[in-house]
Structures are given as structure tokens and as C-alpha cells.
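Hi everyone, thanks for coming. Let me put the structure up on the screen, and then I'll walk you through a few spots in it.

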Amino acid sequence: MDDSHEYVPPLAYAPPGARPARAELETLAVSRARFGQLAVYVAACVMTAINWNIVVRLLAVLVAMHSTPALTRLLALLVWEKAPVYAIAEARFDVGVQQVNSLSNVRVSRRTMRVRAPRPVWWVAASPEQAFGTAH
Amino acid sequence: MGSCLSRASLRYRTLTANSPCVRVSALQAWNIYSAPGAVLALWVTARFGLRASLLVGFASQALCALMAHGSVTLPWPPHNGFALLYASQLIGAVGQALYLNNVTLLAGTWFPSSERDIAVAASLLCVALGSVFISVYAPWAVKEPDELNRLFGWQVPAWLAILVAGLLVLREQPPHPPSVSAAMLRANAARRRASRSRAGDGDGDGTSSWSAVGQALALCGHVNFMVLNMSSALLTGLVMMLATMVGQVLAPCGHGNDVAGSALAALSAASGASVGLYLWLLSRNERRRDASLASSPGGGPAVSSSRSYVAHQVGWSALCAGGIALTLGASPLGTTPGDTAAVIAAWGVLGLLSGTLLNGALTMEHAAEMTFPLPANVSVSVLAVTGSAISFAQVIIGTHLLQAPAVLACKSATGFAGFCALCAGAGLLLACLLKPEYRRARAETAQGEDEEGSPRGGERVSYGTL
């Protein structure tokens, strides 16, 4: 680890000719390194959002299908709607197309105000039984 | 605290008593992601450094992608596949804090004071861009069950590429600190290491690593920071809640799902535009500042003049609260094409007015400014945990309040509207109570003056003896 504690003011603030060529090269190298750090970080940020938006929806739907009515209401509020990926995921995981259809048919009840909202949550979780595949 | 957890656990078990195979715990929402993720990020960063924290975070995401890919491709029973998918998400959720919570630390370590805000805002903006991309890509790419692995398969090489690039490109810090504050933090860290070495403390590194967690907890006693923290959490959490519940807010007023979807799209797009506007303002101000410094005799000071973070915070908070009021006021409009367009436009305006606050760069940099000389990732960890908790509570409360009959829910004077007004008002009030506390800028200016005037071009200023 470099333990230099020297602050080198930006080259742009230096009087003309005040800094040697070596310092200019050093500044350029640091600028490139700085850009590299940010580029890698930005790529990670983009991929993180992609992961959220795929996996989270699948988890939310899968859990919502097996919920009690009370929890279904809560989860249905938090499940992204109009995603054909859901039905495909349910088929892939073999958890019941009928249940998927039931969930898809959850619409706004003008009397009870229960409706799905187009937004996912990532934090829904399944039971230990389901996680270990011993129930259902 | 333990009693509260027990009661919550009992309540949760009662709720799910009839469910043979599913448990959904509100407690897990926090425990899985924000709190342990933040603690882990603090510890790893303090113990092994910024580079290691980022790389471990990237590796966790690569593992997460690999397990998710396996969940849809391995010839396992479906429930085993689901378990694998769930486990992968746990790893990914905790691991992402290792790099997301370090965004301000990365910017402060590598970027000069004039570019720190821009780097943070641009990085966080890319999270929104990723969401937009996958929202378009997923329905287009997957139309049959067997195509599901298309969503997961390419994530594995993508994350591996990021991990390899990180190994090759990421460095702990530049040869010389890019700002006076970075130099001071580096000097402080070196002094602590030297002190431990002199004391012969064999376990010093481990102890000091946990002290980062202690510093985060101690920030809860920093009144000005907590005012900022709660103000931001209340307002951004409220906008997130509205985005989560857009369907429930609009449907009882006669609007269909298509209107809700359009309103959310307008909010998202306008939110991105808001951050773009904020970035443009920041870069324009920096260009003007650079031009004025370059034209001044002798090159001018290299230290950063403090930004008026408090004014920005109050201004954007007021705009955000105004956007919330406008959105709630417009939602009960009719269902004629003109009214529908007005409703969607109102949600777009909400995105435009709240986007900068939602982005988080302003609040994070403001927090780093007032909590200096603590490393910037400490305050971000507290902001992240608090924001998650407040947002979650608001969704639960808002959901409960919107379960009133539809006729009542569509009127502005409902409990839901009152709750929104209460949160928005409290957030704005707290923002107005913020006091200017620019410790980082003050320290930079003071150090510059101590060195016989501000550091100028070509001069190296050592902070090894601070």
C-alpha cells in the first residue's frame, strides 16, 4: 500500500511551465487509472440492477403463489405486473400454472382496494421447508 | 429490542400459521440485506481495504449469477432449483453492500474534490440505467420456459469479466491523494497503523476493523447527521412507496393498470432526467470555478470551496415534497384522455423533482462532508440501513391505509394522503433544521492556509504530521 501523504494540486492550477514533464505524465496516468476505477464500478452497478430486476421478480412471484391470503395481499402489492417471464418461471420451476393464473388474475378490487403494484421487492423469502425442498 | 423482535416474530408466525410451506418475514428484509451487508462492508473495508471490498463484492455477485444460472439449468427437482435461486439471491443481496456502500469512499479516494459529487452521481445513475435495460430486454428475450436461462446465462460471464477487470484495474489508492481531505485521511490511517505497531498490538488490525462498525453506531448520536439521515429517508422512502403502490393509488380513481404502468415509466424516466440535470449543473459549476481559478494570478487555490449542501438539500427536499403533493392532488382526476395525461404527467413531474434526492449522491456527499474525518463509507452505511428500514415501514403503513373502501381512498382527505403529507412535511422540516457543517471543506481550507496560504500548482503539501 502506498502511504504517501502528499497532496499534489491539479495540474490545471499550475502556472505554465512550473511542473516538469514527468509530473504531467504522472497526472495523465492517474487520470487513466481514475477512469478505470470508475468504469469497473459503473459496470458493476449496471449488472447489480439487472440482477435485482430478474431474480427478485421470480422470488416474489414464487413466494406469493404459496402465501396465505393475508400474505398474498401484501405480496401481490409488491409484485411486478405484466411480466411474461413470471409464467415461464413458474412453468420452469413446476409450481403450478393454475396458481400463476390465479395470481395473474389478481386485479384491483374496487371494494377492498387490493391490487398488485408494478414494483418488485427483493427481500421476500421462502420457508426453510421450501428452501430445503421437504415441503409443498 | 429483544422483546420487540419476539412480538414481531410471534405476529409473523401467526400470520403465516396456515401456510404449510412459505414464510415471509419482514424481519428478514432487514436482516438479510441492509444491516448485515453494511456491517460486513464496513469490516471488510477497514480490515482489507477498499480494493479487497470491491473485489469480494464482485466475486459474490459472480457466485450469485452462477448459482442462479444453475437453478434453471441443472436437472434437479424444481424445489431444489428454487432453493438454489433463493440462496444465490441471499449471497448477492448481502454482497452488493460491499461495493454499493463504498461509492463515496471510492470517489473520495480517487477523485479531486471538484469531481467527487459527479463521480458518485454518475455511478448511482447507472443503477437506474441497468433497471431500464433489463425491463426492456427481459420480455423480449424470454418467451418460452426453456429460454429462461437466457436471463441468467450471460450474467455469469459478465460478472466474471467485471471481476477480472477489477483484479487488473482496481488499485487501493492513487500514488498521491487527489485532495487535501484524502491526504489527511491517509495520514490518519498511517498514524493509527504506526501507533499500533509501536504498541505491539498483534490483533490491532482486527480490533480497528470492528471500530468502523462502532463509528457507524456512534454516528447515531450525531444530531445534525441524524437530521439529514431521517430527512432523506422520509422523503426518498415516500417516493419509493408511491412508486411501489402506484397501482393502488390510481386504480380506485378509475385508472387502469396501463395508466399505472405509464405513470411509473414517466416517474422513472423523469427521475433519470433529473439526475442528468443535476450532473450538468455540477459540471457547469466546476467548469466556471476552474475558469475563474485559472484566470486568477498565480493559479489560485487548489483546495475546494465548500458547496452549499444545506441549501441544495433544502431546495431538493422542498421540490420533492411539492412533487408528492402534486401527484397526490392529481391522482383523483377523471379518466378522460386529457385527465389521464395530466395524471401521468404529474407522476413524471414527481420523478423530475425527486430524482436528485432519490439518486442519493447529494445526501451521501453531504453526509461525508459533515462526518469528516470519518471515512465516507461509514456514513453511507448508516444512510443505507436507515433508508431501507424507513422505506419498508412506509410501504407497510401505506398498504394498510390503502385498504379502505375505494370511494374513500380516491379522495384527497384519506388517511393515506395524510400519512404522505405527514412524512413529506416531516422530511422537509428536518431538512430546514439542518445546520451547515462542512467539516471536510473547512479542514481542507484550514490546512491550505496553515501551509503559508493555499496550496498552489506545482507545490506538494505533506500531511504526514497532522
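So, look at where helix α6 of chain B passes helix α17 of chain B: that crossing is right-handed. One caution before I go on, which is that this is a predicted model. Here α6 covers residues 103-110 and α17 covers residues 361-371, and their axes come within 10 Å, crossing at roughly 65 degrees. Who meets whom? On the α6(B) side you have B:Val103, B:Thr104 and B:Gly108, and on the α17(B) side B:Met364, B:Glu365 and B:Ala368. Sort the residues of that contact by class and you get three nonpolar, two polar and one charged.

Now swing over to another pair in chain B, helix α15, residues 309-330, and helix α16, residues 337-359. Their axes sit 8 Å apart, and the packing angle is about 165 degrees. Anything over 145 counts as roughly antiparallel, so that is what we call α15(B) and α16(B). What is the handedness of this crossing? For α15(B) and α16(B) it's left-handed. Plenty of residues take part; from α15(B) they include B:Trp316, B:Leu319 and B:Gly323, and from α16(B) they include B:Val343, B:Trp347 and B:Leu350. By class, the contact of α15(B) with α16(B) has 14 nonpolar residues, six polar and no charged.

Keep B:Val343 in mind, and let's go to B:Gln215, which is in helix α11 of chain B, residues 204-218. How far is B:Gln215 from B:Val343 in space? The two are 128 residues apart along the chain, and their C-alpha atoms are separated by 45 Å. Is B:Gln215 buried or exposed? Well, partly exposed: it has 18 other C-beta atoms within 10 Å, and you'd need 20 or more to be called buried. If we skip the neighbours within four places in sequence, B:Gln215 is in contact with B:Leu374 and B:Val378.

Next stop is B:Val382, in helix α18 of chain B, which runs over residues 376-401. This residue has 24 other C-beta atoms within 10 Å, so B:Val382 is buried. Which residues does B:Val382 touch, leaving aside those within four places in sequence? They are B:Ala216, B:Leu219 and B:Asn229. And here's a nice one: B:Val382 and B:Ser34 are 348 residues apart in sequence, yet 9.4 Å apart in space, C-alpha to C-alpha.

One more helix, α3 of chain B, residues 50-73. From its first C-alpha to its last, this 24-residue helix reaches 35 Å, close to the 34 Å expected at 1.5 Å a residue. Of those 24 residues, 17 are buried, so α3(B) is largely enclosed by the rest of the structure.

Let me zoom out to whole chains. Chain B comes to 21 helices and one strand. It has 466 residues, and 50% of them are buried. Take the contacts in chain B with a separation of 6 or more: 80% of them are between residues 24 or more positions apart.

And chain A? That one has five helices and one strand, and along the sequence the pattern reads β-α-α-α-α-α. Of the 136 residues in chain A, 55% are buried. For contacts in chain A with a separation of 6 or more, residues 24 or more positions apart account for 64%.

That's my tour, so over to you.

Conventions:
Residues numbered from 1 in each chain as written. Chains lettered and ligands numbered in written order. Predicted model: local features only at pLDDT ≥ 70, side-chain atom pairs only at ≥ 80, totals over all residues. Axes fitted to C-alpha atoms, helices over the stretch in contact; angles between N-to-C directions. Helix = DSSP H or I, 4+ residues; strand = E, 2+ residues; numbered from the N terminus. Parallel < 35°, antiparallel > 145°, perpendicular 65-115°, else oblique. Left-handed = near helix turned anticlockwise from the far one by under 90°. Contact = placed C-beta atoms within 7 Å. Nonpolar A, V, L, I, M, F, W, Y, C, P; charged D, E, K, R; others polar. Buried ≥ 20, exposed ≤ 12 C-beta atoms within 10 Å, placed from the backbone. Expected span 1.5 Å × (residues − 1).
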